[in-house]
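These are my notebook entries on one protein model. I set out to look up the overall build, then one strand, one cavity and one helix residue.

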Amino acid sequence: MMEFGRVAASAISKIDFTLPPDPEQNASVLEHSNAVSHELYIGCPKWTSKTWLGKIYPEQTKEKDFLKEYVKHFNSIELNATHYKVYDHTAIRKWAAMAKDQEDFLFLPKMYKEVTHSGSMYEKELLTYAFLDPLKEFGAHLGPVFIQLSDQFSPARQKELADYLSALPEGFNYFLELRHRDWFAAGQQSFFDFLSTLNIGIVIIDTPGRRDCAHMRLTTNKTMVRFVSNSLHPTDYDRIDSWVRRLKVWYDKGLEACYFFTHMPDEEFCPELNTYFAKQMADAAGINIRLPKFIEKNTLF
């Protein structure tokens, strides 16, 4: 459950969830895109929600088998577990094996917090390598790595961040998540342009209490969206509809891929909301992906 930008239930209906217009720089990014396909990945931040037992997971599924069930219903996972621990090759290989029957499934690992949330980013090369190298075990199931910075990490540390990003190992795709308010203020466009030169994507966070993070900027022809919903509040559907319309425009102009992850308390209703989103995208843009399969309950009359 993402707490960032969450608001009290009583405040939800008072928020203007209108997505901002596209920054003018998006046109240039998409104009130079050479995308040959339109890819859509939808998922959740974890596979361990017990609220899915009897809904999409068989009732008696053991926790060790949750990932085996998860990959049957979604085509990606926002892998937050890697933010809290550096996993070794054996652990990553085990996860990858659980997705072997779903060729299109992707893991999007979140950078280890000791790199991003502890001290300077200088001299983090060895720790970064230790984090990244085991991820190769995912093979074709490895999606982009996303590097989340804290809401205290301001543009005052821009050179430090730029030096770190410039030295990242090749062979991986990266997204950067910024949270400090000053990154979204006027005058910061040059840093987003810099990300484009490195072919690093920028994460868009659509969360109720921090509307500035829904900045709508593209720095590559791929986007990653972290969508903080409100457990199927009516506004969730309106917000999803807005994203469907915007993504249709972006795909038509050259967007290659979107990685879209829904967050909500306990993730209980993520299967329902993701199903709605996937069906709307199929209708609007003709992009069809695997849908969650809900368990039919036998009812005695």
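Entry 1, the whole chain. I looked up burial and found that 53% of the 301 residues in the protein chain are buried. I note here that the model is predicted. For secondary structure, I recorded nine helices and eight strands.

I then checked the overall dimensions. The radius of gyration of the protein chain is 19 Å, and a compact globule with 301 residues would have one near 19 Å, so the two agree. Along the principal axes, the C-alpha atoms fill a box of roughly 65 × 45 × 40 Å. I also looked up how contacts are spread along the sequence: among those with a separation of 6 or more, 77% are between residues 24 or more positions apart.

Entry 2, strand S1. I asked which strands pair with S1. Strand S1 covers residues 39–44, and five of its six residues are buried. Strand S8, residues 257–263, runs parallel to S1 and is joined to it by five bridges. Within that pairing, I found isoleucine 42 bridged to phenylalanine 260 of S8. Strand S2, residues 76–79, also pairs with S1 in the parallel sense, here over two bridges. In this case cysteine 44 has isoleucine 77 of S2 as its bridge partner.

Entry 3, the cavity. I searched the whole structure for cavities of 30 Å³ or more and obtained one. The largest cavity holds about 40 Å³ of space. Which residues line the largest cavity? I listed Ile42, His73, Phe74, Asn75, Asn274, Ala278, Ile289, Arg290, Leu291 and Pro292. Ile42 thus appears in this lining as well as in the bridge to phenylalanine 260. By class, I counted six nonpolar, three polar and one charged residues in the lining.

Entry 4, leucine 30. I located leucine 30 in helix H1, which spans residues 25–31. Is leucine 30 buried or exposed? Its relative accessible area is 3%, and because buried means under 20%, leucine 30 is classed as buried.

I next looked up what surrounds leucine 30. Leaving aside neighbours within four places in sequence, I found leucine 30 in contact with Leu218, Asn221, Trp250, Lys253, Gly254 and Leu255. For one of these, lysine 253, I also noted the C-alpha separation from leucine 30, which is 6.0 Å, although the two residues are 223 residues apart along the chain.

Definitions and conventions: Residues are numbered from 1 along each chain as its sequence is written. This is a predicted model: local features need pLDDT of at least 70, side-chain atom pairs count only at pLDDT 80 or more; totals for chains, interfaces and linings use all residues. Side-chain values use heavy atoms; hydrogens and water are left out. Buried means under 20% relative accessible area, exposed over 50%, partly exposed in between (1.4 Å probe, protein chains only). Two strands pair if DSSP finds at least two bridges between them. On a 1 Å grid over the protein atoms alone, a cavity is a set of points where a 1.4 Å probe fits but cannot get out, and a pocket is an open set with protein on both sides within 12 Å along at least five of seven lines; lining residues have an atom within 4 Å of a point. Grid points are joined across faces, edges and corners, and a volume is the space filled by probe spheres set on the points. Ala, Val, Leu, Ile, Met, Phe, Trp, Tyr, Cys and Pro count as nonpolar, Asp, Glu, Lys and Arg as charged, and the others, Gly among them, as polar. Contact means heavy atoms within 4.5 Å. The radius of gyration is taken over C-alpha atoms; the globule rule is 2.2 Å times the number of residues to the power 0.38.
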